[in-house]
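User: I'd like to learn how to read a few features off a model. Can you walk me through them?

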Amino acid sequence: MSRTEVGVLAGRGKTGRALARALELRGAQARPLGSADLGRLEEALTGCAALHLMAPNLHPSEPALVADALAAARAAGVGRVVYHSVAAPYAPSMPHHLGKARGEDLVRRSGLDWTILQPCAYVQNLLPGLGEDDPVVRVPYDPDRLFGLVDLDDVAEAAARVLLDDRHAGATYELGGPRLVSARDVARAASEVLGRVVPVLQVASDDAAAGAPEHERAWLRAMFEHYDRHGLPAGGLVLQALLDRASTTLEGTLARELGHPTPPPHAPGK
């Protein structure tokens, strides 16, 4: 018997690879799709039972990409779409979040069975500095602002469950970690995992956005300014319900990713 295939747009990035692993564990198979497939998306999606619709980071025209992907999914006979949005999509100060809000509207009016996932930023986004010879948590915003930082593998598992279960049709799920944490909390947790003091360094937003294309630099600066004022809180109960278990703690994620022993990887159940 052939396995259920799921088209995964932007499927070769870190989220796509994690989702492929999660689908494999559930007896399904990811069909990774990238930029080379955009001109032939209907053909590339033929035979897929569902589509995980995710734009590349800071895509300059995400609503247009979403519209094209939805049209291709309909033409290919794909009946189910899960849109990878973002926590707080309607945040007027962040242009790329607004692009996802418009994408959500297109998905809701697509005529397909849809589910929208709104994950917060991943804990893994802070790993580059922690992998340096002198580990550091480096952020271009107030290190005491609170975020619903979430484990990438938890998000991938939740997405795989939703993609393979049509009971989630018509739902919008915000996905945050088990508790709100700051960059300073990340440094404290990393210090415990690594057995050494990990400092927090607040850098200039222009430095953090250096090397990106101009539209991305502007959007990143806007995002960092929003984070500096508001953080990005996101609730964690929905993710735990989708996983049917406690979600992975900050300490558990860091220990797994940094290769060190740790306390139990999941927060205690309630």
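User: How should I read accessibility here: is Asp244 buried or exposed?

Analyst: Buried means under 20% relative accessible area, exposed over 50%, and partly exposed in between, with a 1.4 Å probe and protein chains only. Asp244 comes out at 67%, so it counts as exposed. This is a predicted model, where local features need pLDDT of at least 70, side-chain atom pairs count only at pLDDT 80 or more, and totals for chains, interfaces and linings use all residues. Residues are numbered from 1 along each chain as its sequence is written, and side-chain values use heavy atoms, leaving out hydrogens and water.

User: Where does Asp244 lie, and what is odd about its phi?

Analyst: Helices (H or I, at least four residues) and strands (E, at least two) are DSSP runs, numbered from the N terminus. Asp244 lies in the loop between helix H10 (237-243) and helix H11 (250-258). Its phi is positive, about 60°, although Asp244 is not a glycine. Ala10 also has a positive phi of about 60° without being a glycine. You'll find Ala10 in the loop between S1 and helix H1 (14-25), and at 24% relative accessibility it counts as partly exposed.

User: What is the strand order in the sheet?

Analyst: Two strands pair if DSSP finds at least two bridges between them. Here, 6 strands form an open sheet in the order S2-S1-S3-S4-S5-S7, with parallel pairing. Strands S2 (29-33) and S7 (171-175) are at the edges with a single partner strand each, so one side of each has no neighbour in the sheet. On average, neighbouring strands are turned by 20° against each other, direction ignored.

User: How many bridges join S4 to S5?

Analyst: There are 5, and the two strands run parallel; Arg80 has Asp113 in S5 as its bridge partner. S5 (residues 113-119) also pairs with S7 in the parallel sense over 5 bridges, where Ile116 partners Thr172. As 6 of the 7 residues of S5 are buried, this strand is largely enclosed by the rest of the structure.

User: Which strands does helix H4 lie across?

Analyst: Contact means heavy atoms within 4.5 Å, while axes are lines fitted to C-alpha atoms, for helices over the stretch in contact, with angles from 0 to 180 degrees between N-to-C directions. H4 (residues 95-108) lies across S4, S5 and S7, at about 170° to S4.

User: What handedness does the unit of S4, H4 and S5 have?

Analyst: With the strands pointing away from the viewer, a crossover is right-handed if the path from the first strand over the helix to the second runs clockwise. S4, H4 and S5 make a right-handed β-α-β unit.
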